[in-house]
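Hi,

Here is the structure I promised to pass on. Have a look at it first, and then read my notes below.

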2 protein chains.
Amino acid sequence: MNLEQIEQHLVFGAKQTRYRHYANTLNSEMTFTLFLPENPNDQVISLIWWLSGLTCTDQNFSQKGQFQRYANEQNVAIIMPDTSPRGEAHDVSDWDLAQGASFYVDATQDPYREHYQMYTYLTEELPELVYPLIPNYSGKESIMGHSMGGHGALMIGLKNPERFMAISAFAPITNPSQTPWGQKAFEAYLGDKDWTSWDATSCLTQATVVPPMLITQGSADEFYEVQLEETNFVSAAKAKEANLTYQKVAGYDHSYYTIATFIEEHLKFHKQYI
Amino acid sequence: MNLEQIEQHLVFGAKQTRYRHYANTLNSEMTFTLFLPENPNDQVISLIWWLSGLTCTDQNFSQKGQFQRYANEQNVAIIMPDTSPRGEAHDVSDWDLAQGASFYVDATQDPYREHYQMYTYLTEELPELVYPLIPNYSGKESIMGHSMGGHGALMIGLKNPERFMAISAFAPITNPSQTPWGQKAFEAYLGDKDWTSWDATSCLTQATVVPPMLITQGSADEFYEVQLEETNFVSAAKAKEANLTYQKVAGYDHSYYTIATFIEEHLKFHKQYI
């Protein structure tokens with residue numbers, strides 16, 4: 001099988017395993033981390049996808065997210081993919097483009113389109129590898145993420161509302177086609193076409209069904225004003241009468257310490273629906 | 001004041017701050033991280049020292065220890081020093097010697113003695129900087145650590161039993177003069193003299209008063225057999241009728257995931273005495 005275990009840890013009685021595999025969609029070797037709860041009573045287990053932000057790998061959340069105790073209590077599995085293809089000869093000169101910065105889209109432009117097919121990887125190739133690794137898998141999924149990964153969670157969740165039963169995000173980019181990080185990435189990956197089909201605010205406007213959504217944003221987040229401002233997304237949610245809880249938390253910043261503080265609340269939110 | 005704030009995060013309502021300062025004892029610029037609980041009822045706050053293991057800085061525990069929620073609940077401050085002086089021109093060719101590997105001793109041998117005075121730094125210089133940063137400081141202290149930092153906690157705690165009211169360690173090196181990492185370090189820092197005054201097992205044998213001690217060791221720890229074996233230390237504790245709880249935890253390894261899982265128990269242990 002195209003799946004090599006490269007690390008495994010016992011944590012709060014649960015198992016966290018890191019794998020390496022070759023992703024055909026991406027023409028790239030990839031890693032991912034899977035958390036499986038202890039599940040002493042052999043119940044069914046649902047799956048939450050975690051998507052990380054710019055510069056991250058699958059290990060930022062696994063090492064710094066402080067989710068393990070709560071995910072074990074909620075008896076959910078968590079899949080943490082890497083944030084982009086790796087190790088290939090494309091532009092890596094910028095921290096906010098290419099490696100670590102896929103924005104979870106399918107690129108149409110050279111030199112990215114050969115490898116940067118993260119949307120297809122996450123929605124088609126990776127699930128087929130992950131589902132069989134979950135004992136007693138319930139078939140129920142939801143999705144969450146941070147910053148660029150918050151954009152990924154909202155965009156992927158809203159494009160697939162029949163599949164993802166809840167969406168949550170920490171400090172997400174909600175309207176990338178209107179903010180600098182997103183504009184830079186979309187121009188590189190998509191050229192001048194098709195931005196709206198990858199923008200969370202547009203996806204929300206176009207959605208026929210909208211899963212329940214929870215967003216937590218720190219008021220001391222250094223990226224809030226320029227990159228993460230929520231007006232358009234919240235307006236689109238209101239226009240749709242969507243089930244969105246958007247909470248500002250005073251004094252919290254863009255770091256994993258904010259995620260650690262509120263991850264229990266997010267996992268309980270997800271667990272209601274999966 | 002010789003103290004520059006370089007990072008601050010709100011986490012579980014508490015504040016975690018990273019500082020830089022020039023350490024006269026070490027002739028070196030140093031960093032440390034201080035966790036202060038939210039303390040809404042303005043109670044007195046006691047201080048726990050955390051010492052990290054080989055290759056670590058002050059940020060390994062602060063980012064991966066998952067202690068913040070529990071330290072806040074126990075209303076204790078945690079000081080996380082770096083593990084060695086930095087940035088000077090001494091041997092850094094080995095991962096288990098010099099930078100990141102001080103063993104918390106005062107070196108007597110060249111080229112280390114100019115900078116590697118970590119014992120004096122931790123017991124004399126750093127406390128004078130840290131105490132004034134703790135509002136309502138109770139004056140009560142205890143000490144804990146991991147691996148090489150577990151050795152540091154046991155050794156420093158046992159040499160200063162009137163000061164440190166409890167000691168705990170995860171996977172500590174308990175008898176460094178008899179195990180390879182410790183022998184390599186002691187030979188480099190101390191030459192052929194004075195090893196017993198820095199070895200936790202010898203310190204325990206020589207101690208007139210022994211604080212209560214808790215040690216947690218994972219049974220799947222890859223360093224256990226060669227570096228961390230406890231027979232001599234446990235025998236010395238028995239001979240002394242010391243208050244030592246030595247617990248083996250099945251399936252847990254040498255990583256921070258083990259610390260994360262059992263840190264709440266360790267903090268509750270300390271809180272009984274401080």
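What follows is a short tour of how the chains meet, with a closer look at one arginine and one ring pair.

First, keep in mind that this is a predicted model.

Let's start with how the two copies are arranged. Turning chain B by 180 degrees, with 0.0 Å of shift along the axis, lays it on chain A with an RMSD of 0.0 Å. The copies are therefore related as by a two-fold rotation axis. And which surface does each copy use? Of the interface residues of chain B, 100% are also interface residues in chain A, so the copies meet through the same surface.

Now for the interface itself. Chain A and chain B each bring 23 residues to the contact. Together the chains bury about 2,100 Å², and 48% of that is on carbon and sulfur atoms. On the chain B side, the residues that lose the most area to chain A are Leu10(B), Gln66(B) and Tyr257(B), which together make up 33% of what that side buries.

There's plenty of polar pairing too: 15 residue pairs are in polar contact across the interface, counting those with both residues at pLDDT 80 or more. Which parts of chain B give two or more residues to this side? They are strand S1 (4–11), helix H1 (59–64), helix H2 (68–74) and helix H9 (256–271). Sorted by type, the chain B residues touching chain A come out as eight nonpolar, eleven polar and four charged.

How many salt bridges are there between chain B and chain A? The count is two. One to click on is Arg69(B) with Glu264(A), where the closest N and O atoms are 3.5 Å apart. Arg69(B) sits in helix H2 of chain B, and its side chain also makes a polar contact with the side chain of Glu73(B), at 3.0 Å. If you skip its neighbours within four places in sequence, Arg69(B) is in contact with Arg69(A), Tyr70(A) and Glu264(A) from chain A, plus Phe12(B) from its own chain.

Last, the aromatic rings. Over all chains, the count comes to 32 aromatic pairs. Take Trp50(A) and Phe61(A): their ring centres are 3.8 Å apart and their planes are at 5 degrees, so this pair is stacked. Trp50(A) is in strand S4 (residues 45–51) and Phe61(A) in helix H1 (residues 59–64) of chain A, so the pair ties together parts that are eleven residues apart in sequence.

Have fun exploring!

Terms used. Residues numbered from 1 in each chain as written. Chains lettered and ligands numbered in written order. Predicted model: local features only at pLDDT ≥ 70, side-chain atom pairs only at ≥ 80, totals over all residues. Heavy atoms only, no water. Contact = heavy atoms within 4.5 Å. Buried area = accessible area lost by both parts, 1.4 Å probe. Salt bridge = Lys/Arg side-chain N within 4 Å of Asp/Glu carboxyl O. Polar contact = N/O pair within 3.5 Å; in protein donor to acceptor, adjacent residues only side chain to side chain. Helix = DSSP H or I, 4+ residues; strand = E, 2+ residues; numbered from the N terminus. Nonpolar A, V, L, I, M, F, W, Y, C, P; charged D, E, K, R; others polar. Least-squares fit on C-alpha atoms with pLDDT ≥ 70 in both. Phe/Tyr/Trp six-rings, centres within 6.5 Å; stacked < 30°, edge-to-face > 60°.
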